[in-house]
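Here is a short note to read beside the model. Please keep the structure open and check each point against it.

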Amino acid sequence: VQPVVDELVAEIIARKIDVIVIDPFVSCHEVAENDNPAMDRVVKEWGKVADRGNCAVHLVDHTRKMGDASEVTTESSRGGSAKTDACRVVRAVNRMSEKQAADAGVENHRLYFRTYNDKGNLQPPADGSDWFKLESVDLCNGPMGMPGDSVGVVTRWEWPDLTVGMTAADYDKVAAVIKRA
């Protein structure tokens, strides 16, 4: 597929593309997902595209069947480990759980998700997650004032600070309860 790769790199350079997203990753190749040597070559070829094109390449992967597992990690990726081993950075995406929603005071946990860097070769491990919320935005393109199309937009979301509004007297009450325990 070298001519295809060369043409892709030429387009990346000509159009000054900074980031190319391959989604889903499994559709960009024809090798078996469990064939570690072949998968290693595919991922490393994308690394060469990034180097030659002076751009970032984002390979979007899907998880294996998770069953009852609730937390997605690098190890949740479909196929052999050579794929994630060859990647410089692997980010995991997890939907908010019902318990987290109750703790945060949000109604629909399915609108919230978090990402974190589960593997980063060039930096220290992540110490937390970045949270996001899906919001519906009206495009205002309906005829004569009628509702138009709406699209889902990802917005940054901050975990609520449960101590907002607490006074020193509130803290003293909590300390007294803890001392009694």
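## Notes on the model

1. The lining of the largest pocket consists, by class, of 16 nonpolar, 10 polar and five charged residues. This is a predicted model, and every point below should be read with that in mind.

2. The volume of this largest pocket is about 960 Å³. Its lining is made up of 31 residues, and those nearest the centre are H58, L59, C87, V89 and V90. Four elements each give two or more residues to this lining: helix 2 (36-53), strand 2 (56-59), helix 3 (82-86) and strand 3 (89-95).

3. The second largest pocket holds about 360 Å³ of space. It is lined by 14 residues, with V1, V5, C28, V42 and E45 closest to its centre. By class, its lining has 10 nonpolar, two polar and two charged residues. Which elements supply at least two residues of this lining? They are helix 1 (2-14) and helix 2. The largest share comes from helix 2, with six residues.

4. Helix 2 also contains G53. Is G53 buried or exposed? Its relative accessible area is 9%, and buried means under 20%, so G53 is buried. R64 is 11 residues from G53 along the chain, and the C-alpha atoms of the two are separated by 31 Å.

5. Strand 1 (residues 19-22) and strand 2 run parallel and are joined by four bridges. One of the residues to look at here is V19, whose bridge partner in strand 2 is A56. In general, the side chains of a regular strand alternate between the two faces of the sheet. Strand 1 shows alternation: I20 and I22 point to one face and are buried, whereas V19 and V21 point to the other face and are not buried.

6. Another sheet to trace is an open one of four strands, in the order 3-4-5-6 and with antiparallel pairing. Strand 3 and strand 6 (150-156) are at its edges; each has a single partner strand, so one side of each has no neighbour in the sheet. On average, neighbouring strands of this sheet are turned by 30° against each other, direction ignored. As background, strands of a sheet pair through backbone hydrogen bonds, in either a parallel or an antiparallel sense.

7. Next, the individual pairings. Seven bridges link strand 3 and strand 4 in the antiparallel sense. R91 has N117 in strand 4 as its bridge partner. The side chains of strand 3 fall on two faces: V90, A92 and N94 make up the covered face, while V89, R91, V93 and R95 make up the uncovered one. V90 and V89 are also among the residues that lie nearest the centre of the largest pocket.

8. Strand 4 (residues 112-120) pairs with strand 5 (residues 130-138) over four bridges, again antiparallel. In this pairing F113 stands opposite F132 in strand 5.

9. How many aromatic pairs are there? The count comes to five. One of them joins Y112 and W157: the ring centres are 4.9 Å apart and the planes stand at 65°, so the pair is edge-to-face. Planes over 60 degrees apart count as edge-to-face. Y112 belongs to strand 4 and W157 to the loop between strand 6 and helix 5 (168-180), so this pair ties together parts that lie 45 residues apart in sequence. Y112 is buried, at 8% relative accessible area, and W157 also counts as buried, at 15%.

10. F113 and F132 form another of these pairs. Why is it called stacked? The ring centres are 5.5 Å apart and the planes are at 25°, so the pair is stacked; the cut-off is under 30 degrees. F113 is in strand 4 and F132 in strand 5, so the pair ties together parts 19 residues apart in sequence. F113 is buried, with a relative accessible area of 17%, and F132 counts as buried at 17% relative accessibility.

11. A last item concerns the aromatic residues as a group. Y112, W131, W157 and W159 form one aromatic cluster. Within this cluster, Y112 and W157 are the edge-to-face pair described above.

Technical notes: Residues are numbered from 1 along each chain as its sequence is written. This is a predicted model: local features need pLDDT of at least 70, side-chain atom pairs count only at pLDDT 80 or more; totals for chains, interfaces and linings use all residues. Side-chain values use heavy atoms; hydrogens and water are left out. On a 1 Å grid over the protein atoms alone, a cavity is a set of points where a 1.4 Å probe fits but cannot get out, and a pocket is an open set with protein on both sides within 12 Å along at least five of seven lines; lining residues have an atom within 4 Å of a point. Grid points are joined across faces, edges and corners, and a volume is the space filled by probe spheres set on the points. Ala, Val, Leu, Ile, Met, Phe, Trp, Tyr, Cys and Pro count as nonpolar, Asp, Glu, Lys and Arg as charged, and the others, Gly among them, as polar. Two strands pair if DSSP finds at least two bridges between them. Axes are lines fitted to C-alpha atoms, for helices over the stretch in contact, and angles run from 0 to 180 degrees between N-to-C directions. Rings of Phe, Tyr and Trp (its six-membered ring) pair if their centres lie within 6.5 Å; planes under 30 degrees apart count as stacked, over 60 as edge-to-face and the rest as tilted. Buried means under 20% relative accessible area, exposed over 50%, partly exposed in between (1.4 Å probe, protein chains only).
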